[in-house]
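User: Hi! Could you walk me through a few contacts here, step by step?

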Amino acid sequence: MVQNQASKNISFKGELLRKLTHLGAFTIPVGYYVLGLSRSEGLIIMIPITLLMIMIDISRLRGWELWDRIGWLIRPMLRRTETGGDFTGATYILVTACLVIAIFSKPIAVASLAFIIAGDPPSALIGSRWGKRRFKNKSFEGSLSFLAAALIVALITPGLPLTVTLIGAVVATVTEAVSFEIDDNITVPLVSGLAMFLLLKLFF
(Lines give C-alpha, C1' and ligand atoms only; values in the text may rest on other atoms or scores of the structure.)
Protein backbone atom coordinates (compact mmCIF):
# COMPACT_ATOMS: atom_id res chain seq x y z
CA MET A 1 0.00 0.00 0.00
CA VAL A 2 2.39 2.31 -0.50
CA GLN A 3 4.57 5.09 -0.70
CA ASN A 4 1.54 7.31 -1.02
CA GLN A 5 0.31 10.41 0.71
CA ALA A 6 -1.50 8.39 3.34
CA SER A 7 1.76 6.86 4.52
CA LYS A 8 2.90 10.34 5.59
CA ASN A 9 0.11 10.55 8.11
CA ILE A 10 1.95 8.24 10.51
CA SER A 11 5.57 8.24 11.59
CA PHE A 12 8.21 6.10 9.90
CA LYS A 13 8.34 4.06 13.11
CA GLY A 14 4.59 3.56 12.94
CA GLU A 15 4.86 2.58 9.28
CA LEU A 16 7.64 0.11 10.13
CA LEU A 17 5.54 -1.44 12.88
CA ARG A 18 2.59 -1.59 10.51
CA LYS A 19 4.62 -3.44 7.88
CA LEU A 20 6.16 -5.87 10.37
CA THR A 21 2.62 -6.74 11.41
CA HIS A 22 1.69 -7.00 7.73
CA LEU A 23 4.43 -9.61 7.25
CA GLY A 24 2.68 -11.73 9.85
CA ALA A 25 0.01 -12.29 7.22
CA PHE A 26 2.48 -14.68 5.57
CA THR A 27 1.00 -17.26 7.91
CA ILE A 28 -2.04 -17.31 5.63
CA PRO A 29 -0.51 -18.48 2.31
CA VAL A 30 2.29 -20.44 4.00
CA GLY A 31 -0.08 -22.19 6.38
CA TYR A 32 -2.57 -22.89 3.60
CA TYR A 33 0.15 -24.63 1.58
CA VAL A 34 2.38 -26.24 4.22
CA LEU A 35 -0.47 -27.66 6.27
CA GLY A 36 -2.00 -29.16 3.14
CA LEU A 37 -5.37 -27.61 3.81
CA SER A 38 -8.22 -28.10 1.39
CA ARG A 39 -10.15 -25.08 0.12
CA SER A 40 -12.98 -25.75 2.58
CA GLU A 41 -10.57 -26.20 5.49
CA GLY A 42 -8.81 -22.97 4.60
CA LEU A 43 -12.12 -21.10 4.54
CA ILE A 44 -13.27 -22.68 7.82
CA ILE A 45 -10.17 -21.19 9.44
CA MET A 46 -10.13 -17.86 7.61
CA ILE A 47 -13.79 -16.83 7.74
CA PRO A 48 -14.07 -16.64 11.57
CA ILE A 49 -10.76 -14.71 11.78
CA THR A 50 -12.00 -12.33 9.10
CA LEU A 51 -15.33 -11.80 10.84
CA LEU A 52 -13.50 -11.06 14.10
CA MET A 53 -11.35 -8.42 12.38
CA ILE A 54 -14.43 -6.89 10.77
CA MET A 55 -16.04 -6.72 14.22
CA ILE A 56 -12.94 -5.00 15.62
CA ASP A 57 -13.03 -2.48 12.79
CA ILE A 58 -16.74 -1.81 13.26
CA SER A 59 -16.19 -1.35 17.01
CA ARG A 60 -13.48 1.19 16.18
CA LEU A 61 -15.67 3.10 13.76
CA ARG A 62 -18.66 3.12 16.12
CA GLY A 63 -16.76 3.65 19.36
CA TRP A 64 -17.78 0.38 21.00
CA GLU A 65 -16.22 -0.86 24.22
CA LEU A 66 -14.26 -3.57 22.41
CA TRP A 67 -12.16 -0.88 20.71
CA ASP A 68 -11.61 0.90 24.01
CA ARG A 69 -10.06 -2.29 25.36
CA ILE A 70 -7.79 -3.25 22.46
CA GLY A 71 -7.41 -0.06 20.44
CA TRP A 72 -4.06 0.83 22.03
CA LEU A 73 -2.52 -2.11 20.17
CA ILE A 74 -3.64 -0.97 16.74
CA ARG A 75 -3.99 2.82 16.97
CA PRO A 76 -0.27 3.68 16.40
CA MET A 77 -0.37 1.87 13.05
CA LEU A 78 -3.49 3.53 11.68
CA ARG A 79 -3.33 5.97 8.81
CA ARG A 80 -5.51 9.05 8.63
CA THR A 81 -7.79 7.44 6.04
CA GLU A 82 -8.45 4.60 8.47
CA THR A 83 -9.00 6.79 11.50
CA GLY A 84 -11.36 8.85 9.38
CA GLY A 85 -13.83 6.06 8.73
CA ASP A 86 -12.22 3.46 6.48
CA PHE A 87 -11.55 -0.18 7.29
CA THR A 88 -7.97 -1.15 8.08
CA GLY A 89 -5.63 -2.93 5.70
CA ALA A 90 -5.85 -6.01 7.93
CA THR A 91 -9.56 -6.33 7.25
CA TYR A 92 -9.04 -5.92 3.52
CA ILE A 93 -6.29 -8.55 3.31
CA LEU A 94 -8.32 -11.05 5.35
CA VAL A 95 -11.43 -10.56 3.22
CA THR A 96 -9.33 -10.88 0.07
CA ALA A 97 -7.66 -14.03 1.40
CA CYS A 98 -11.09 -15.61 1.78
CA LEU A 99 -11.97 -14.58 -1.78
CA VAL A 100 -8.82 -15.90 -3.47
CA ILE A 101 -8.96 -19.16 -1.52
CA ALA A 102 -12.57 -19.59 -2.62
CA ILE A 103 -11.99 -18.60 -6.26
CA PHE A 104 -8.56 -19.83 -7.30
CA SER A 105 -6.55 -23.03 -7.08
CA LYS A 106 -4.20 -23.33 -4.13
CA PRO A 107 -0.99 -22.39 -6.01
CA ILE A 108 -2.58 -19.25 -7.47
CA ALA A 109 -4.11 -18.28 -4.13
CA VAL A 110 -0.75 -18.72 -2.39
CA ALA A 111 1.16 -16.72 -5.01
CA SER A 112 -1.35 -13.88 -5.32
CA LEU A 113 -1.50 -13.36 -1.56
CA ALA A 114 2.28 -13.63 -1.18
CA PHE A 115 2.82 -10.91 -3.82
CA ILE A 116 1.06 -8.25 -1.76
CA ILE A 117 2.31 -9.50 1.60
CA ALA A 118 5.95 -9.55 0.45
CA GLY A 119 5.81 -6.51 -1.82
CA ASP A 120 3.84 -4.05 0.26
CA PRO A 121 6.31 -3.50 3.15
CA PRO A 122 9.37 -2.60 1.05
CA SER A 123 7.20 -0.57 -1.30
CA ALA A 124 5.82 1.56 1.53
CA LEU A 125 9.01 1.88 3.54
CA ILE A 126 11.42 2.52 0.69
CA GLY A 127 8.95 4.66 -1.20
CA SER A 128 8.09 6.89 1.75
CA ARG A 129 11.68 7.20 2.95
CA TRP A 130 13.74 7.30 -0.24
CA GLY A 131 11.26 7.69 -3.10
CA LYS A 132 12.38 10.52 -5.37
CA ARG A 133 10.86 9.87 -8.80
CA ARG A 134 7.13 10.10 -8.21
CA PHE A 135 4.06 9.44 -10.31
CA LYS A 136 0.72 10.32 -8.81
CA ASN A 137 1.16 9.39 -5.13
CA LYS A 138 3.58 6.53 -5.79
CA SER A 139 7.30 6.41 -6.51
CA PHE A 140 9.45 4.50 -8.94
CA GLU A 141 11.71 3.37 -6.10
CA GLY A 142 8.79 1.98 -4.12
CA SER A 143 7.35 0.15 -7.11
CA LEU A 144 10.76 -1.26 -8.00
CA SER A 145 11.14 -2.64 -4.49
CA PHE A 146 7.66 -4.17 -4.75
CA LEU A 147 8.67 -5.85 -8.01
CA ALA A 148 11.88 -7.22 -6.49
CA ALA A 149 9.97 -8.81 -3.61
CA ALA A 150 7.25 -10.15 -5.93
CA LEU A 151 9.86 -11.71 -8.23
CA ILE A 152 11.38 -13.55 -5.28
CA VAL A 153 7.93 -14.89 -4.48
CA ALA A 154 7.52 -15.93 -8.12
CA LEU A 155 10.78 -17.88 -8.04
CA ILE A 156 9.87 -19.93 -4.98
CA THR A 157 6.12 -20.42 -5.40
CA PRO A 158 5.40 -24.14 -5.90
CA GLY A 159 2.87 -25.69 -8.23
CA LEU A 160 2.91 -23.13 -11.06
CA PRO A 161 5.03 -22.68 -14.20
CA LEU A 162 7.74 -20.09 -13.63
CA THR A 163 6.55 -18.05 -16.60
CA VAL A 164 3.12 -17.75 -15.02
CA THR A 165 4.40 -16.60 -11.63
CA LEU A 166 6.86 -14.14 -13.18
CA ILE A 167 4.10 -12.54 -15.22
CA GLY A 168 1.89 -12.61 -12.14
CA ALA A 169 4.58 -10.70 -10.23
CA VAL A 170 4.72 -8.02 -12.94
CA VAL A 171 0.93 -7.75 -13.02
CA ALA A 172 0.88 -7.45 -9.22
CA THR A 173 3.44 -4.63 -9.36
CA VAL A 174 1.56 -2.69 -12.03
CA THR A 175 -1.71 -3.17 -10.16
CA GLU A 176 -0.18 -1.87 -6.93
CA ALA A 177 1.18 1.13 -8.78
CA VAL A 178 -2.13 2.15 -10.37
CA SER A 179 -4.71 1.16 -7.72
CA PHE A 180 -5.16 4.65 -6.34
CA GLU A 181 -8.79 4.47 -5.22
CA ILE A 182 -9.20 0.83 -4.21
CA ASP A 183 -7.12 -0.70 -1.42
CA ASP A 184 -4.27 -2.67 -3.00
CA ASN A 185 -4.72 -5.46 -0.46
CA ILE A 186 -7.80 -6.20 -2.57
CA THR A 187 -6.71 -5.36 -6.09
CA VAL A 188 -3.25 -6.94 -6.16
CA PRO A 189 -4.24 -10.51 -5.18
CA LEU A 190 -7.42 -10.52 -7.25
CA VAL A 191 -5.92 -9.03 -10.43
CA SER A 192 -2.67 -11.00 -10.32
CA GLY A 193 -4.59 -14.15 -9.44
CA LEU A 194 -6.91 -13.64 -12.40
CA ALA A 195 -3.94 -13.03 -14.70
CA MET A 196 -2.27 -16.28 -13.62
CA PHE A 197 -5.55 -18.18 -13.92
CA LEU A 198 -6.04 -16.96 -17.50
CA LEU A 199 -2.43 -17.74 -18.44
CA LEU A 200 -2.84 -21.29 -17.22
CA LYS A 201 -6.10 -21.72 -19.10
CA LEU A 202 -4.81 -20.24 -22.35
CA PHE A 203 -1.25 -21.52 -22.60
CA PHE A 204 -0.71 -24.49 -20.28
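User: Leaving aside neighbours within four places in sequence, which residues is threonine 96 in contact with?

Analyst: Happy to help! This is a predicted model, where local features need pLDDT of at least 70, side-chain atom pairs count only at pLDDT 80 or more, and totals for chains, interfaces and linings use all residues. Residues are numbered from 1 along each chain as its sequence is written, and side-chain values use heavy atoms, leaving out hydrogens and water. Contact means heavy atoms within 4.5 Å, and for threonine 96 the partners are Asn185, Ile186, Pro189 and Leu190.

User: Is threonine 96 buried or exposed?

Analyst: Buried means under 20% relative accessible area, exposed over 50%, and partly exposed in between, using a 1.4 Å probe and protein chains only. Threonine 96 has a relative accessible area of 1%, so this residue is buried.

User: What kind of aromatic pair do phenylalanine 104 and phenylalanine 197 form?

Analyst: Rings of Phe, Tyr and Trp (its six-membered ring) pair if their centres lie within 6.5 Å; planes under 30 degrees apart are stacked, over 60 edge-to-face, and the rest tilted. Here the centres are 6.4 Å apart with 45° between the planes, and the pair is tilted.

User: How many residues apart in sequence are the parts that this pair ties together?

Analyst: Phenylalanine 104 lies in the loop between helix 6 and helix 7, while phenylalanine 197 lies in helix 10. Helices are DSSP runs (H or I, at least four residues), numbered from the N terminus. The pair therefore ties together parts whose separation in residues is 93.

How values were computed: Helix = DSSP H or I, 4+ residues; strand = E, 2+ residues; numbered from the N terminus.
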